[in-house]
Every structure is written in structure tokens, then in C-alpha cells.
Amino acid sequence: MGEPQVFELLSDSEIEAVHNAALAVLSETGVFIDHPRALEHLAGCGAEVDAASGRVRIPPRLVKEALAACPSSFILYDREGREALRLGAREVHFATSSCAVRCQEGTAARPSRAEDLVRLTRVADALPEIDLVSTQVVADEAPKELADSYRLYLVLRNSPKPVVTGAFSEEGLWDMKALLDAVTGGRTEDRPCAVFDVCPSPPLKWTAISAANIMDAASAGLPVEFVSMPMPGAATPVTLAGSVVVHTAETLSGIVLAQTVRPGTRVVWGGAPVGFDMRHGTAPLSAVEATMITVAYAQMGRHYGLPTHTYAGLSDSKLVDAQAGLETALSGTVAALARIDIIAGAGALDFVGTQSLEKLVVDAEVCGLIRRLLRGIEVSPDTLARDLITALGPGGDYLAQAHTRRWFRTELHLPGPVIDRLDRKAWEEQGRTDILARARERVEAILKNDPRAPDPDRAAELDRAMRRVMDTRGCPSLPFVGAAEG
Amino acid sequence: MVEEAFARLHEAVLNADEEAAVKATRDLLDAGAEPQAILERGLTEAMTELGRRWNRGEAFLPEVVAAAEIFKTCSDLVEPALLARGGKKAGHLVLMGTVKGDLHDLGKNIVTAMLKTAGFEVSDLGRDVPTERFVEEAARLRPKIVGLSALLTTTMLEQRTVIQALEAVGLRPDVRVMVGGAPVTAAWAEEIGADGYAANAVEAVEVALRLAGAAAQDAGGRKADG
């Protein structure tokens with residue numbers, strides 16, 4: 001049977017019920033869009049628009065047409081234009097988390113800086129379990145006007161892996177497009193190496209920036225990842241089914257906007273479901289209900305034939321501790337069994353507000369375990385090994401067998417040095433280290449290597465593009481951006 | 001021709017390719033290569049290199065154990081020619097076995113393989129080895145070291161029995177005794193009068209080198225720390 005079954009929480013009829021409820025919400029209640037350009041555009045496409053209140057009611061016909069226009073799968077390339085991964089193929093890919101404003105340092109957190117993003121990117125780049133690097137933190141020293149493009153610049157400078165990112169303003173998206181064009185030699189549209197996250201504001205609202213980003217990304221040919229944030233009991237109904245309805249309606253409305261601007265726009269059915277803690281008023285991403293909502297909305301996404309994304313494999317703990325480990329492993333495993341295309345979360349602590357180098361390294365081990373799990377159990381005459389079992393008989397030693405040598409590398413996942421599997425005596429002699437200490441060692445070892453920078457011509461192009469952005473936004477200098485030549 | 005066959009033998013042991021190793025050994029013998037050189041340059045050096053790779057995390061137990069078996073097969077092929085020329089096997093001899101009543105030999109096999117990567121010659125008596133057999137073989141082969149493995153708290157008592165038996169026949173002063181196995185501790189080793197205890201295969205090599213005095217002399221035994 002090979003790969004394990006896809007984990008699901010909704011039956012076919014329940015998927016249909018969510019779909020019908022979401023269509024009813026869109027056509028009868030509608031969504032709020034805080035952008036005249038979007039309102040005008042949607043009115044022209046046949047939506048019922050009340051320009052004064054910003055309310056847009058979307059008929060089922062528009063939803064159907066928009067879904068039909070979406071590619072069911074597409075390829076993401078790396079910075080060098082090489083095929084990196086295919087989304088929508090029911091294959092799981094792991095990404096770092098992407099929303100943090102702080103960096104973990106010991107037991108404390110401090111505002112993240114450019115140097116932190118460089119280090120986080122280099123470590124993520126070196127970890128084979130991580131498929132996509134996100135713009136993991138903002139650089140505190142960058143002015144707000146170019147915090148989004150500077151973030152992307154630092155990532156493109158230090159890793160060729162595909163990027164998950166997002167703009168902080170209308171203009172920001174165009175600045176970022178210019179950086180991508182510079183580093184790819186103008187191949188942003190036919191060989192995209194970045195996905196743009198755009199978030200609705202729950203429930204059922206799109207800010208001016210989000211609406212503009214969707215329209216502009218679509219017209220520029222950039223892939224868009226919709227990241228709806230259901231929050232049961234606060235921003236969405238407390239019932240998980242009701243939260244999935246709101247997620248579906250919000251995401252469908254975003255898809256309508258994108259596909260009516262440019263049919264065929266590459267989109268990802270994403271999300272960042274959170275819990276809502278009724279004691280503290282916090283929004284834990286590691287709440288099991290949040291993970292359950294992910295499983296359910298992923299079913300909706302697959303039902304519509306779209307690639308999916310979620311935030312999972314992360315923790316709300318303030319430390320790289322046992323809570324961090326258990327939360328990361330549980331939500332990561334469940335999301336992977338649900339076959340989410342992009343699982344973003346590696347390195348995240350503290351409601352995705354804090355990013356940790358050490359946790360990134362630990363989380364890569366979780367991703368490695370999950371990858372092995374997803375390969376399932378291969379059953380064939382050679383793997384059943386009946387002849388070998390017969391030949392060795394009771395008390396046989398399998399260690400020295402050619403069969404063992406042939407299979408052990410594929411059958412047995414070997415974790416990295418971060419995971420302790422020493423016997424107690426050896427562990428004691430090697431300094432009684434805990435996982436945090438071992439992770440720190442791995443981080444230091446990785447950072448001794450050179451970053452994978454673009455080739456010199458492309459790097460120079462990228463630098464020029466970044467300096468143009470800085471000139472436009474009135475920012476004379478930033479760390480890591482070389483002075484203008486000549 | 002001879003150099004090429006040495007290289008093939010080296011590669012075959014590293015790749016755990018028994019067929020190629022046997023062929024290379026035969027080719028070397030046919031070509032008149034020194035049996036001592038086949039053992040030392042061909043087989044022992046390859047095992048030592050494998051030990052280095054294992055220490056660096058580049059080779060894994062299935063490969064080490066398989067290479068150790070190939071070592072045995074090939075050195076058996078060389079032995080007649082070696083004895084005919086009055087040569088001796090490379091490295092210090094270790095007599096290994098799992099004690100009477102104990103059917104576990106995985107740990108013992110791993111230690112055996114690792115000792116071979118460090119240049120020791122190992123005579124493996126297998127598992128469930130009666131005390132008398134340890135004594136007979138010790139008298140016949142005169143090993144530098146006797147290694148006693150036990151995985152059960154019930155069978156570890158046999159380790160003491162073997163030591164006492166070696167004492168009874170007067171062999172004890174000439175051999176060093178190492179003990180190991182999951183329930184065994186350094187305190188137990190001391191209590192029963194063993195000379196060495198190792199918690200794992202890597203440590204077993206260190207202890208064996210120390211006991212054989214090989215660390216200082218490097219008499220065929222090479223330190224396995226790459």
C-alpha cells in the first residue's frame with residue numbers, strides 16, 4: 001500500500017455542506033473590501049457591490065468561474081531558475097515560519113535584526129529537510145517603507161531555495177517584484193521562485209493593502225498564497241465547522257479577485273488557523289483545534305483542486321523546550337498526514353512572533369521523521385524477506401546480511417546529531433548535553449560555511465535593485481547592502 | 001598487477017563486496033604477493049580505514065560487520081600460505097564469546113567487528129559458549145584478551161564463572177579479561193575481577209587497546225580514532 005492514507009476529518013457530504021454554506025455567505029452576506037479599485041473591478045465582473053459600505057456580494061457563478069481558472073498545480077523554481085518543487089501534487093514540503101519580529105536568545109527574545117535574518121536564512125538553506133525559506137523575521141533597523149523588500153533582499157542574497165514572502169504595502173509588492181526580476185534575470189513570471197502571502201482580516205474583510213496586493217500580484221504574474229486566519233470563538237464561530245466556513249468564504253473571495261484580474265493566476269489555498277485561549281485571550285497556533293481546522297480546510301482546497309498551505313510544525317512556547325517539541329511534532333505530523341503542500345513553521349516560537357535558530361535545527365529533525373513516515377512501508381518479495389528469514393532461522397543475525405546493507409539506508413531514517421541516541425555512558429562522557437546545546441553546536445557549524453550567494457552578476461543586479469528601492473524610499477544605507485559602485 | 005589487486009581488495013572490503021574481496025585475495029596469492037602483506041596492507045588497512053569512517057559517521061554498523069566477515073573469509077584464504085612461510089597473523093588475538101545460557105550475540109558481533117577495524121585478530125566462539133570451551137580455546141590459542149558478553153542479569157553471573165575457571169587452570173595471569181553487555185557495569189567488572197569493562201563498541205576498542213598495551217606499541221593494532 002506504500003504511502004499512508006490521507007488523514008481527513010470531513011466526509012464528502014460534509015465538504016459539500018461547507019461549500020454550500022460558504023457560497024451562501026459570499027452571495028448573501030458578502031465580504032468587506034477596503035479598496036475602491038477592487039470594488040470597481042469586482043462590480044465590473046458581475047459582483048453586487050455597495051461602494052459606500054465596501055460590501056461585495058459574490059454570486060456562485062463568479063466563484064465557479066474563478067475556481068475553473070486556477071491551475072491545479074504549478075512548479076516553483078529556485079533563485080537560479082531550476083525546478084525546485086511542484087505544488088498540488090499531494091507532496092508535502094516544509095517551509096520556515098515567516099512572521100516573526102523577535103529572535104530568541106537564550107531564554108529571552110529581542111527585536112530581530114538584519115544579521116538575524118541572514119543567519120536564519122543561511123541555516124535554513126543548509127538544512128536539507130527545509131524546502132522553502134521564508135522571510136523569517138523583519139529587520140528592526142529597516143524603515144517601515146522598505147521592511148518587506150529588504151527582508152526579501154537578505155533572503156535572496158543568502159539562499160537559492162524558493163521563498164515564501166509577502167508585501168507590507170501596495171508599493172512594497174512592486175519593489176519586491178523588482179528584486180525578483182533582478183536576481184532571476186527577468187524570469188519572475190515564467191519561473192517564479194517566490195510565493196506572496198496575502199491575508200484577509202477575519203472575519204470576511206480585506207484591507208486596502210491586501211486587496212491591492214492580490215490584484216497587483218495577479219497582474220504581475222506572481223503566485224499568491226491566501227492565508228486566512230480562523231480564530232474560533234473570537235474572529236470566527238466557536239464551532240470548528242463554522243470556522244472552516246469562514247475560511248472557505250474568505251479564501252474563495254480572494255481567488256475571485258485574483259482570477260478576475262488575471263485568469264490562470266497561480267494560487268495556494270493556505271491558512272493560519274489559531275485557537276483562542278478563553279483564559280488568556282491569546283491565539284495559540286498549536287491548539288489542536290487549529291490543526292483540525294487545517295485538516296478540514298485542506299480537504300476543501302483539494303476538493304477545489306488547489307495546492308494547499310498551512311502554518312504547522314511550530315510552537316507557542318517561549319523556550320526551545322519540551323512543549324516546543326511536542327507541539328511542533330504533533331501539528332507537523334497531522335498536517336503532513338493531511339498532505340498539505342506547504343507546511344510552514346520551522347523555527348517558530350511564541351505565536352509565530354519569535355524565531356529561533358536552534359529551534360530551526362531541531363524542527364528540521366521533526367521534518368525528517370515526518371518524511372520517513374510519509375514514505376510508508378514498502379511491501380515486495382524483497383522487503384518481506386521470506387527467503388532471508390528462512391535462511392537465517394531462529395536466532396539469526398541480520399546485521400551482517402547483504403539484504404541489510406541494501407535496505408538500511410532507505411528503510412531506516414537516521415536522525416542528525418541533534419537527536420540523542422547515545423547510550424547513557426557515552427552521553428555522560430560527551431558532556432550530558434541537552435537538545436538545545438546540540439542544536440547550538442549545529443547552528444555554529446553551519447554558519448562556518450559560506451552562504452550560497454547568487455552568481456556575481458546577478459548579485460550585482462540584485463544590489464542595484466535594492467539600492468534603487470532605497471533611493472526611492474529615502475533610505476541612505478542598510479546593513480549588508482554594498483555602497484553604490486562608481 | 002599486484003598493486004592493482006591491492007587497491008581492489010581495499011575497495012572491496014570498504015564496500016563490503018565479498019565476491020570482489022575474495023577474487024582480489026586469490027589474485028594476490030596467485031601473483032605471489034607476500035601473505036603477510038595481504039593481511040596487513042590489504043585487509044587490516046582497509047578495516048582501519050573503515051573504522052575511521054565509522055568514527056566520522058560515514059560508515060554504518062551493517063557495513064562494518066560485513067567487512068569484518070569478509071576480513072575473516074579472506075584471512076582464512078591467506079592463512080595456509082602464511083603458515084607455510086612461517087608468518088603470523090596481524091594484530092593481537094582476542095577470544096570472544098557470549099557466555100553460557102545467553103543466546104544474544106548482536107552486541108558481541110558489533111564489538112568483534114569494531115575490534116577488527118582497530119587491527120585486532122578476533123576468534124569468535126559464538127553464543128551460549130560453555131565455560132570449558134572458553135578455557136580450552138584460551139589454552140590452545142593463547143589470546144592476549146578474552147572478551148565475555150552477557151545480555152541478561154541471570155547470565156552475567158557466568159562471566160565470573162569463566163574468570164574463575166581460567167584461574168583454576170592457571171591461564172588467568174596470561175590473559176586480560178574484558179566484560180560487556182547491557183546489565184554489566186564497571187562495578188560488576190571489578191567485583192568479579194575482570195580487567196576491563198566497556199559500555200559500547202567504541203569504548204571496547206579503547207579498552208582492548210589499553211589492555212593489549214597496543215596503544216603505546218602500535219604492534220599491528222591501530223588506534224581507531226582516525
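A cavity, in the sense used here, is a set of points where a 1.4 Å probe fits but cannot get out. The structure discussed below is a predicted model, and this report looks at its enclosed spaces, one of its pockets, its nonpolar cores and a few buried residues.

## Enclosed spaces and a pocket

Counting those of 30 Å³ or more, there are three cavities. The lining of the largest cavity draws on several elements of chain A, since strand E6 (93-96), helix H10 (322-337), strand E16 (342-346) and helix H11 (357-375) each supply at least two residues. Of these contributions, the largest share is that of H11(A), with four residues. The lining has 13 residues in total, and those nearest the centre of the cavity are A:Phe94, A:Ala312, A:Gly313, A:Ala346 and A:Cys367.

The second largest cavity is lined by A:Gln104, A:Gly106, A:Leu319, A:Val320, A:Ser356, A:Glu358, A:Leu436 and A:Arg440.

A pocket, unlike a cavity, is an open set of points. The second largest pocket has a lining of 35 residues, and A:Ser98, A:Cys99, A:Arg151, A:Phe168 and A:Cys199 lie nearest its centre. Helix H5 (147-158), strand E11 (194-198) and helix H7 (208-220) of chain A each give at least two residues to this lining, and the largest share, three residues, comes from H7(A).

The table sets out the volume and the make-up of the lining for these spaces.

| Space | Volume | Lining residues by class |
|---|---|---|
| Largest cavity | about 60 Å³ | eight nonpolar, four polar, one charged |
| Second largest cavity | about 50 Å³ | three nonpolar, three polar, two charged |
| Second largest pocket | about 680 Å³ | 22 nonpolar, nine polar, four charged |

## A strand beside the largest cavity

Strand E6 of chain A, which supplies residues to the lining of the largest cavity, can be followed residue by residue. In a regular strand the side chains alternate between the two faces of the sheet. In E6(A), A:His93 and A:Ala95 point one way while A:Phe94 and A:Thr96 point the other way, and all of them are buried. E6(A) runs parallel to E16(A), to which it is joined by four bridges, and A:Phe94 stands opposite A:Ile343 of that strand.

## Nonpolar cores

In soluble globular proteins, nonpolar side chains tend to be buried together. The largest nonpolar core in this model has 115 residues, and the residues with the most contacts inside it are A:Ile33, A:Val123, A:Tyr150, A:Ile255, A:Met466 and A:Leu478. A second core, separate from that one, has 53 residues, among them B:Val65, B:Ala67, B:Ile70 and B:Val78. When residues up to four places away in sequence are left out, A:Tyr150 touches A:Ala114, A:Ala139, A:Ala142, A:Met466, A:Leu478, A:Pro479, A:Phe480 and A:Val481.

## Two buried residues of chain B

B:Thr112 is part of helix H5 (residues 106-117) of chain B, and B:Thr112 counts as buried because its relative accessibility is 5%, where the cut-off for buried is under 20%. Leaving aside residues up to four places away in sequence, B:Thr112 touches B:Met96, B:Val122 and B:Asp124.

B:Val207 belongs to helix H9 (residues 201-212) of chain B, and with a relative accessible area of 5% B:Val207 is buried. Not counting residues up to four places away in sequence, B:Val207 touches B:Met178, B:Gly196, B:Tyr197 and B:Ala198. B:Val207 and B:Asp195 are twelve residues apart in sequence, and their C-alpha atoms are 9.2 Å apart in space.

Methods
Residues numbered from 1 in each chain as written. Chains lettered and ligands numbered in written order. Predicted model: local features only at pLDDT ≥ 70, side-chain atom pairs only at ≥ 80, totals over all residues. Heavy atoms only, no water. 1 Å grid on protein atoms, 1.4 Å probe; cavity = no way out; pocket = protein on both sides within 12 Å on 5 of 7 lines; lining within 4 Å. Points joined across faces, edges and corners; volume = space filled by probe spheres on them. Nonpolar A, V, L, I, M, F, W, Y, C, P; charged D, E, K, R; others polar. Buried < 20%, exposed > 50% of the residue type's maximum accessible area, 1.4 Å probe, protein only. Pairing = 2+ DSSP bridges. Core = buried A, V, L, I, M, F, W, Y, C linked by side-chain atoms within 4.5 Å. Contact = heavy atoms within 4.5 Å.
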